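Thanks, everyone, for making the time this morning. I would like to walk you through one structure, going from overall dimensions to a single helix contact.

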Amino acid sequence: MKRVFSDRKTIIILLAPALLTYTLAMLVPMVWSLGYTFFDGSLIRGFTYTGLSNFTAVFHDRKAGQAILFTVKYAVTITVGQVLLGYLLALLYVFYLKRASSIIRTLTFFPVVLPTVAVSLLFSKLFEIAPTVGPVNSLLQALGIHAMNWFGSGSNAFIVIAAMDIWRSMGFYGVLLYAGLVDIPDDVIESARLDGASGWRLARNIVLPLSWPVVVSAVIFSINGTLKVFDSIYALTGGGPGQQTTPLTLYMYQTSFAYGKYGYGSTIALTLTIMCLLVTLVIFRSSRKDLTA
Amino acid sequence: MSTATTPTTSITLTAAESRRRSRPHAAWRGRVRRLPLALITIVLLVVEIYPLVWLLLGSLKTQSEFMNRPTWALPQNWANFANYATAWQAGISRNLLNSVIAVFPSLALIIVFGVAAGFALEVMVWKGRNTVLLLFLGGIMIPSQMILLPLFTVYFRIHLTGTMWPLVVTYTATGLPLTVFMMATYFRAIPRELFEAATIDGASLLRSFWSVAFPMMTNAIFTVGLVQFFFLWNDLLLAMTFTSGSGHNELATVQVGLLSFQGRFGSVQYGPTMAAICVNVLITLVLYLFLNQRVMKGMTAGAIKG
């Protein structure tokens with residue numbers, strides 16, 4: 001029987017299509033991209049070998065530094081916002097809404113499936129000031145605050161970007177963390193209640209430690225997604241005003257296609273990949289330590 | 001005996017009495033304490049849903065309504081679908097067709113390849129299968145930017161730009177890592193005895209994959225397919241790179257089309273832009289309304305891979 005399950009021909013027939021597609025369209029291009037980092041040029045201009053100059057350029061390029069800073073700022077803000085609000089939502093579902101939470105979960109989850117471009121355009125209209133005043137500015141005016149040009153400065157645009165991406169994904173993290181909270185046995189919480197723990201102390205000392213693994217995987221997932229942000233910012237601000245809301249992904253796109261520097265673009269993409277790997281490793285390591293301590 | 005029981009009963013009586021007396025009070029206090037949470041829930045729902053209601057209402061308004069009436073006013077004519085007609089004629093229909101042509105073949109390939117690979121990696125027994133599974137898993141972390149330029153170069157060199165092939169191939173490849181991984185996880189839950197029985201009954205392994213394993217995975221396939229559908233349908237980066245290069249605007253997918261629609265009409269004609277966004281939103285929204293439990297399950301299952 002064992003021989004039947006290790007029949008080489010069957011394995012090849014079943015595995016080859018997936019492995020071949022994956023290798024040819026993902027692994028090979030990845031290695032190829034690594035090769036590009038030693039060259040300057042583009043498809044149209046042709047390529048010249050430049051050694052390590054792309055790497056030194058990343059360190060001296062003020063725009064690249066700005067893009068890295070923005071990416072980190074964005075990833076940290078959005079991850080904290082998503083996971084924190086998601087966790088509060090999950091607590092709300094489990095301890096307040098209980099059985100009734102199904103409908104609320106469904107409703108708060110749906111922005112997740114909406115196309116990013118559509119959501120970005122929707123938010124650019126929500127925060128608009130001219131030629132017509134959008135709902136957000138109307139609300140500000142109704143409250144007696146001056147309406148703002150939200151896309152006029154980098155810091156204001158960042159607020160809109162953060163609001164949008166947290167709005168879009170908070171329900172997702174709510175459901176993800178809800179699954180972790182529901183797994184906590186009822187009798188554990190019940191006995192903690194009998195011992196006099198309630199409210200904040202119950203959440204801090206019982207619920208949070210027991211759901212910690214899910215929180216960690218939510219953070220890893222979130223930071224991996226947010227470091228790679230492209231669609232939503234490209235469609236909402238296009239990186240502007242100026243260069244102020246340009247993440248690494250967008251800067252890579254610009255250098256590659258607008259300025260025709262494939263080598264430099266690949267170097268930026270590599271920087272991003274390394275950032276993703278490092279962050280995941282660090283979180284994974286530190287969370288392990290926490291659990292054993 | 002009787003003297004001993006009397007105090008106890010009287011105590012329980014007073015306890016019960018006091019509980020009865022305090023109950024309406026406690027219930028009232030409980031309700032007050034719950035009020036902030038109820039308010040939070042309501043605010044949450046308004047924040048999540050009002051933007052879409054506003055979008056829907058906006059798509060029914062005329063240009064002068066946008067200019068002269070407050071932004072939260074209701075549309076004056078509820079059956080004003082002129083904006084949709086404008087948007088449709090401006091190319092939305094073509095974009096929808098392109099998206100269907102790019103997404104569904106990719107989806108079919110992802111599923112067939114993914115289930116087969118999952119079977120080969122989890123049910124079949126051979127040296128190195130864990131390494132290959134890890135190889136697939138690594139693909140989940142790679143940003144698309146890392147594969148964009150070489151693929152663009154290759155597609156250009158073999159004259160595929162200007163067709164839908166680059167998109168189908170790239171979508172299939174990028175969808176595989178997660179699908180293979182999830183399929184392998186699902187196969188792990190199926191006892192191998194099942195396939196052994198099929199083999200004893202005389203089925204070849206390929207046959208038992210196709211007639212036993214594949215039908216058994218219907219549920220998983222549907223869930224994973226749904227998740228991948230949303231990823232591919234909502235993609236902008238790959239679609240923009242592989243379709244809009246060298247002036248092939250007739251290949252634009254829904255998302256690329258919507259973005260250029262905004263560029264052409266957005267700051268001038270509000271109604272049609274809102275209608276175009278609305279069409280885009282409604283497609284995924286309707287799908288979600290029918291299959292929400294499954295979508296939520298699939299999406300979050302894809303996240304816990306860690």
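I will take chain A, then the domains of chain B, and then a place where the two chains meet.

Please keep in mind throughout that this is a predicted model. Chain A has a secondary structure of 13 helices and two strands. Its radius of gyration is 24 Å, whereas the globule rule gives 19 Å for 293 residues, so chain A is more spread out than a compact globule. If you lay the C-alpha trace of chain A along its principal axes, the spans are about 75 × 75 × 35 Å. Of the 293 residues in chain A, 43% are buried, and when we take the contacts in this chain between residues at least 6 apart in sequence, 69% of them join residues at least 24 apart.

Turning to chain B, the domain assignment gives domain 1, covering 2-58, and domain 2, covering 82-303. Four residues from domain 1 of chain B and five residues from domain 2 of chain B take part in the contact between them. On the domain 1 side, the residues touching domain 2 are three nonpolar and one polar, with no charged residue.

Finally, how do helix α2 of chain A and helix α5 of chain B cross? Their axes, for residues 8-36 and residues 145-157 respectively, come within 8 Å and cross at roughly 90°, which makes α2(A) roughly perpendicular to α5(B). Among the residues that meet here are A:Met26, A:Met30 and A:Trp32 from α2(A), and B:Ile147, B:Leu149 and B:Pro150 from α5(B). The residues of this contact divide into 11 nonpolar and one polar, and none is charged.

Methods:
Residues numbered from 1 in each chain as written. Chains lettered and ligands numbered in written order. Predicted model: local features only at pLDDT ≥ 70, side-chain atom pairs only at ≥ 80, totals over all residues. Helix = DSSP H or I, 4+ residues; strand = E, 2+ residues; numbered from the N terminus. Rg over C-alpha atoms; globule rule 2.2 N^0.38 Å. Buried ≥ 20, exposed ≤ 12 C-beta atoms within 10 Å, placed from the backbone. Contact = placed C-beta atoms within 7 Å. Domains from an automatic or database assignment. Nonpolar A, V, L, I, M, F, W, Y, C, P; charged D, E, K, R; others polar. Axes fitted to C-alpha atoms, helices over the stretch in contact; angles between N-to-C directions. Parallel < 35°, antiparallel > 145°, perpendicular 65-115°, else oblique.
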